[in-house]
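Let's take a walk through this structure together, going from a pair of strands out to the contact between chains. Have the sequence and the 3D view at hand as you read.

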Amino acid sequence: MPPDEPSPTTGLQRDLIPVNAVIGFLKRDKKWPSVLYQLGYRLAMIEQPVSAAAVGTAEIDVICLNRKRNHGMLWECKSGRTIEERQARVYAAVNAEDVQRTGNVTFPHPTSASVEPVYCCLEADRQVIIDALAGWGLTFPVISLGERAVLARGQFEDPDATECFSEGITLPPLEEVPRFLIANTHTPKWRLAGAFFATMVSFLRKQSGTFSLRHMLEETFPDWECMGTDLRRYLSSVAREIVNDLCENELRDFARIGKASHSPGDTLVEFTVDVLGQDASTRTRTFQKLLRLAYGYIERSKEDRPYEPTRGAETLWLPGLEPE
Amino acid sequence: MDRRDMADILGEYLRNVNVYFDREKEFPKGRGPLKTYVLEAHRPDGDSLNHESAVKTLLGIAGAAKLDVRETRDETLFQLTKGEVGFFFDILDPRFWIIHTMSNIDESEELLGALVELYPHLDYAWPPSDLMRIIQGEGKALGFAVDFDETQFLAESESHLINEPNAVVKFRFGGTRAEVWLNELERFAPDALAFSMVKFAREDQVTRSYIIDELNERGRFKAAGNSFDLHIQNVSRFLHSYRSFILEIEDVARIRSRAQAAGGGLLDGEPLVLEFPRPLRNLNAFVRELVSCRAPLKIWGLVDQVREDYFQIEAVDLHTSSKLRFDLSPQYMRLYLGPEACGNTVARLLRNLQSHVDSTIKLEIPAENVPA
C-alpha cells in the first residue's frame, strides 16, 4: 500500500524515514543521535524473518542486541498509518529462543536472553498505531519521530532506554536522517532512476564491458543481500524496465542489451564505447553529457512520458547548478 | 640492478644536489633534489591489485605512454625511461607505488601527470594537512608552505572575495624558526593554514648521516643530504601513516551487507561526516564544483535539492569508478561509501576542502568508544 502522504520533498521518501532513523540510532553518525549505540546496543540484523511457533512469521525490520544485558530489541518501523494485527501478534509472541534459532542472532547467554518488540513511527501516525495496539491488548513501547524521538506509549524492559526516550531526544530535521536504506516496494520508478543511472556510469567508468542486472542491483543498494523476496522482485523488475528504456533511448550511443550466453533469459548490458580511450578533456565532456542525460531521464520518468530525442537536456539542470 | 644498486645510485646522487629546493629550476642539470612520489593504483574494474596484476598494470601503462621498461633482479622494482626522464618504480606494495627520479622536476612531473591522466586508476596520495605536520614533527622543522584559496570553489561572480582577509593565503617560509612563524600565522589566519609543503631534517649522529626532506600535498618528497637510508625511512613512515589512514576509512566507512542463509542480514559500515567549522559561503557553487567531473575532485554526481540548504547526491568517483552518496548542507557533508569504495576518494576530498574551504576541517573516523 502506498504511503498515506506524499513526501514534501524530493529527498528520501517519507516512509523510509523510521527504519533509517532506527539504524541511525545504532550507528555513530555525528549528525544523528547515536542513542541506542550509546546505551550499548549494536545492529544485529535487518529485514530478518523470525518465526514464533503456532503464531507465524514476521520480517523484523531491525534487530539490535545489548550483549551486556543479554537483551535484544525487535523494531517494527511503520512506514505509514497501516498496521497489521497478524504481524503485531508475531512480534508479541517471539521470544529470544525464536530470534536465536530462526533469526540467526547469537545471544551471549541463550538460556537467560530476553527480547522485546518496539514500534517506531512518524509523529503524524502515532495515534493510529497506539490505538491499534491498545485495541489488540498489546503493550509494546512506541517511539514517535518528529522534532524529538519520544516514547509515546509503554515502557522498555531496559530502564535506561525508557529514561532516555521518555525525556525525548532532539532530532535534526527528519529529511536529514542518514540514508542507509533507499528503497522499498513503494518506491516509484522515477526515484530509482537516478540511482540506477549512477550505477551504469560507474560500470561504464570501470570499463566493465558488460554487466548483469543482478550486479547492478547489488551495486545500487547497500542492503541488497538483506532484502526480502518481494522487495528484490520489485526492484529487479524496475531495474529491468529502466535499463531497457535507457539502452533504447538516452544511452543508445553508449550501451545495448545483450543476452548472457550461459543464461539467455538474463538481461546483460554491453557497453559500446571506450570512455578511457578518450583524452582527458573529451572524457570529462562525456561524463558531463551523461550527467545531462541523467537529469533528462529522471525528469522524463517523473512525468511518465516517452523519450524525445530533440528535447534539450541542457535545460534540465537545477537552477543555479548549470555548468558554467 | 636491484634495490641495493638503486639505493647506491640514489644515495650518490643525493650528496651532490642543492638543498635550496624552491630554486630548483635555476639549478644546472643533475643538481635538483631527488624526487620521490607516492601514487595509489587500482585495477580498471576498481578492485585491488595484487603483485601479478600490479606488474601487468604498470607494463600496460608504460606501453600506452611509450615508456621503455627495464626489469631488475627484484621483481617489484622497475626502471622506466622516456627521453631524458627516468624513474624507479617500486611496486612492493601493489596498491601504493613509490617512484623515485633524479630527472628534471618539470619534465618528470609532466610525464607522471600524463600517466595519471592516461590511466585514471592511478591517483596521487592526498595527505591531509595534519598528517603532513605529524610527519614533519618526526624531524626538525625547516620550513613550510601554506596555500589556501577559497575562491576556487566559488562562483566567478564572487571573485570580490579575494579581497577578504584570509580568503586567499599563500605563504612560504624556510628556516629553523618555522614553528615560531607558524604560531604567528595561527593568530592571523587560523582557518587558512592549509599546508602545501612541510620541510624537515633528520640526522643520525652515530653514522654522521642526515637528510633534508620536503613533503607536499600530493605525496611528493624532495630530498637532499647524504643518506638515502634516512630518506627512504621518511618515505616509508609517510607511506605507513597514509596507508593506515586510507585502510581505516575503508574498514569503518564502506557500507556493505552480508546475507544470512535464512534471509535478513548484517549491515556494516558508518557514514563519514565532515563538519564545516563555519557555514559554506555559497552552497550552490560548492555543489557545482563538487560534481563537475573535473580534477582535482573528479566526481560525477546527480544532485537532488531537498531544501534550499540541503542536497542529496548520487555520485561516482571517476578515479576508482566506485559509487558513493553525499548529503550536503552549509554546515556539514555526509559521505556514504559503497562496498568497494576507495579511501583515497575521501582523502582527495578532505585535502581539497582543507585547501579551499577551511583548513581546520578534520575527518573523525568513528571509533568504537562505548563497550557493547
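How many residues lie between S1(A) and S2(A) in their hairpin, and which residue in the turn has a positive phi? The model you are looking at is predicted, and in it 3 residues link the two strands, with Ala54(A) in the turn at a positive phi of about 70°. Strand S1 covers residues 42-52 of chain A, and its pairing with S2(A) is antiparallel over 9 bridges. To find your place along this pair, look for Val50(A), which stands opposite Ala58(A) in S2(A).

Now follow S2(A) onward. This strand spans residues 56-66 and is mostly covered, with 8 of its 11 residues buried. Strand S3, residues 71-77 of chain A, also runs antiparallel to S2(A), and 5 bridges join them. Here Val62(A) is the residue opposite Trp75(A) in S3(A). These two strands form a hairpin as well, with 4 residues between them, and Asn70(A) in that turn has a positive phi of about 60°. As a reminder for viewing, side chains in a regular strand alternate between the two faces of the sheet.

Zooming out, chain A is divided into domain 1 (14-176) and domain 2 (189-316). The centres of these domains, taken over C-alpha atoms, are 36 Å apart.

Finally, turn to where the chains meet. The contact takes 56 residues from chain A and 53 residues from chain B. On the side of chain B, S15(B) gives the most, with 7 residues. By class, that side has 26 nonpolar, 12 polar and 15 charged residues.

Methods. Residues numbered from 1 in each chain as written. Chains lettered and ligands numbered in written order. Predicted model: local features only at pLDDT ≥ 70, side-chain atom pairs only at ≥ 80, totals over all residues. Buried ≥ 20, exposed ≤ 12 C-beta atoms within 10 Å, placed from the backbone. Pairing = 2+ DSSP bridges. Domains from an automatic or database assignment. Contact = placed C-beta atoms within 7 Å. Nonpolar A, V, L, I, M, F, W, Y, C, P; charged D, E, K, R; others polar.
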